[in-house]
Amino acid sequence: MGSFERVPDTPPKPSTTVDTGQAPAAGKDTGVAQSPQGTTVTTSPVDKSKGTGPGPSKGGFGYADWKEKDPFKWNLNGDGSQYLKFGFLNQVQLRYEQNNPGSLIQSQPVDDSTDIGLRRTRLVLQGQITDRVYFYTQYGMNNFNFLSQMNGNRHIAAYFHDAFGELRLTEGHQMVLGGGLGMFNGLSRFSAPSVSTIMTMDVPVGLQYTAERTSLFNRQLGVYLRGQISKFRYIVAANDSFPITTDGITNDGAISPTVSNFAQVGHKKNFTGMFYWNFWDTEPNTNPYMQGTYLGKKSILNLEAGFATQKDAMWTGTSAADARFHDMTHWSVAGYLDAPVDKVRETAISAYIGYTSLNYGPNYLRMNGNGQNSANGVGPGGSLNGAGNTFPMFGTGNLWYAQLGYLLPIDWLGGNNGQLQPYASITSANWEALRDQMNVFNVGLNWLIKGHNSKVTFDWQNRPIFNTAGNTIANRNQFVLQYQVAF
């Protein structure tokens, strides 16, 4: 789920200029008008003798009567620098899917399908319990729909996604030592994303390079050192990856003389690193998770570079006795822009472009889809993609990912009804095992009712279908309507 930037509990003093920080609490006679997105604009002082004055308009889908203090945060000291904070995330989806060729649902062929599912449901408890000690825990489940089961039972068990603690070695955040279970992944900001604040419907999961193979939904047990030194941010980590056999997977680890798979014997550590240079504002550094978009509240321009490597992670051969082992080695470079355009009308732009080199060994290719699958079998006429909504998401080769979004003016919807944010993204990969380029397009619209706390997203995805020779033979569409509640 990640985290939001912590906001001071004390309301700011009245300003005589436009201020893009946190708005004063409702009900205070500060002489400052408030917008639902937190931008403050100077107005005339309140004339108490007349009993009138400017103030936030009541009503609207995004109106909230929260007071000065964060209602989900309990301060442990006077200034709120030590605290406990509770969080929640729920993403419910309604989806129409053009299924991959040959898809089956409960043994019956289907060309298309509709479903209702939970993409993510999470509970978070985090806290700064001393000046130098921080902890983060996250409990929940993912990808739950009418087909979901575990060991033949639909009662899917929720589990701890994260459980890690940190010790700040310096008075600032220059050096922070941490460890436990979490996304200490390196490679990209989307390898450790704050999923409650992302701009697009979903993250580029292909950058979560071991998800549900040698990681627990992209988490591993590890130790790390991270920090912020002036404009430079970094994290380096050593992770104790999970053997693929402990996830009940045998086919993706089956040995082949020509196609690399995750090795079913041996065990080596996974080493990662991620490095950022902040040209403008620095990003919040509460924990290792990276914000998706700041909705114009910060001016961010970053260059990033990352890596991940694990010795002998993959294998090829005819049997375990004659296996040839291959190192898994990935690296990436990218640029990220997220900044206001018009501070009065509260418009903002968000953009990202990144290049990633992925090496899982010869001809590695893995099918996966965004979110829960809508089919559970493949019959006659099937394709390389497999069942439902999957496509070649992971592989050995080169990957480009780019996204662009624009936050439209606050006054378009009026009152406390939030803002609209159209976006588009492309994932383009040149996988070694395919003959054609793999291109996935997403176009969508966010209705940010109350920022990321309450938002509706409509997303259209177009994905390619491949035959067993690695050629593109068709395309399929997916339409998703999602409502997110997060705090």
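Is aspartate 312 buried, exposed or partly exposed? I shall return to that question shortly, after a small sheet in this structure. Please keep in mind that we are looking at a predicted model.

Let me begin with the sheet. It is open and consists of three strands, in the order β6-β5-β19, and the pairing is antiparallel. The edges are formed by β6, residues 108-109, and β19, residues 377-378. Each of these two has a single partner strand, so one side of each is left without a neighbour in the sheet. As a general point, the strands of a sheet pair through backbone hydrogen bonds, in either a parallel or an antiparallel manner.

Strand β5 covers residues 103-105, and two bridges join β5 to β19 in the antiparallel sense. Within that pairing, serine 103 is found opposite valine 378 of β19.

Next, the loop between β5 and β6, where glutamine 106 lies. The phi angle of glutamine 106 is near 55°, which is a positive value in a residue other than glycine. What is the relative accessible area of glutamine 106? The value is 56%, and glutamine 106 is therefore exposed, since the class begins over 50%.

I now come back to aspartate 312. This residue belongs to strand β15, which comprises residues 300-316. Aspartate 312 is not a glycine, yet its phi is positive, at about 55°. As for the opening question, the relative accessibility of aspartate 312 is 23%, so the residue counts as partly exposed. The reasoning rests on two limits: buried means under 20%, exposed means over 50%, and partly exposed lies in between.

Notes: Residues are numbered from 1 along each chain as its sequence is written. This is a predicted model: local features need pLDDT of at least 70, side-chain atom pairs count only at pLDDT 80 or more; totals for chains, interfaces and linings use all residues. Side-chain values use heavy atoms; hydrogens and water are left out. Two strands pair if DSSP finds at least two bridges between them. Helices (H or I, at least four residues) and strands (E, at least two) are DSSP runs, numbered from the N terminus. Buried means under 20% relative accessible area, exposed over 50%, partly exposed in between (1.4 Å probe, protein chains only).
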